[in-house]
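User: Can you walk me through the labels used for this chain? I'd like the reasoning behind each one.

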Amino acid sequence: GYVVECVSLSAGHVEVLESRFVCFGTAMTRLAKTVLVGVVDQYCYGEPSAVAILTGKLVTNANDMHAAVVAFGAASLSDVAALEDALKRIGEQLLCYRGLCTGLQGKAFLPDCLVPVFEALSHVTYGANLMGAGSGGFILGVLKDGCSREAARDAACEAVRSSGHEQAVTLSLEHASLVV
């Protein structure tokens with residue numbers, strides 16, 4: 001099962017992590033209740049892939065994310081390679097989580113209009129996922145070394161423009177939401 005545990009990070013580690021997170025508001029309304037009912041129905045009907053995701057793969061992903069954050073916190077701030085490796089692992093777990101959510105919910109989780117955004121972000125982030133529901137989802141990612149939030153914003157916005165989804169997607173770079 002799931003075990004929730006606080007991971008303490010030094011002020012220096014928090015500063016590094018905050019500098020590498022990128023967050024976009026999508027302004028897309030997501031119907032959390034509809035998604036939840038669909039997932040619960042799949043589980044109750046014994047749909048094999050949903051059962052496997054809910055009873056095993058999500059737990060593994062949560063444990064792997066926890067281990068990545070612990071490794072990040074344990075790395076010396078002077079060990080750039082260890083910090084970068086841990087940031088990469090955190091991003092990879094976000095990417096894994098996106099795959100599991102898509103496996104459970106399909107287009108209800110990841111609409112076609114956002115697929116080009118994630119493809120563009122794959123060049124500047126180690127991984128990103130759509131988080132939140134209700135008044136709009138947020139895309140959270142971990143920037144690769146040397147990549148900026150502005151580069152991520154430019155890549156994501158160009159992907160929206162070139163895919164023809166300008167009417168469906170409005171992206172805003174969220175600075176205030178990056179506090180760890």
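Analyst: Let's start with pockets. On a 1 Å grid over the protein atoms alone, a pocket is an open set of points with protein on both sides within 12 Å along at least five of seven lines, a 1.4 Å probe fits at the points, and lining residues have an atom within 4 Å of a point. This is a predicted model, where local features need pLDDT of at least 70, side-chain atom pairs count only at pLDDT 80 or more, and totals for chains, interfaces and linings use all residues. Residues are numbered from 1 along each chain as its sequence is written, and side-chain values use heavy atoms, leaving out hydrogens and water.

User: Which residues lie nearest the centre of the largest pocket?

Analyst: N61, A62, M65, H66 and V69, out of 22 lining residues. The largest share of that lining, seven residues, is from α3.

User: What makes α3 a helix?

Analyst: Helices are DSSP runs of H or I with at least four residues, numbered from the N terminus; α3 covers 48-74. The chain has six helices, plus four strands (E runs of at least two residues).

User: Why are lining residues called nonpolar?

Analyst: Because Ala, Val, Leu, Ile, Met, Phe, Trp, Tyr, Cys and Pro count as nonpolar. The lining has 17 of those, along with four polar and one charged.

User: How much of the chain is buried?

Analyst: Buried residues (under 20% relative accessible area, 1.4 Å probe, protein chains only) make up 37% of the 180 residues.

Terms used
Buried < 20%, exposed > 50% of the residue type's maximum accessible area, 1.4 Å probe, protein only.
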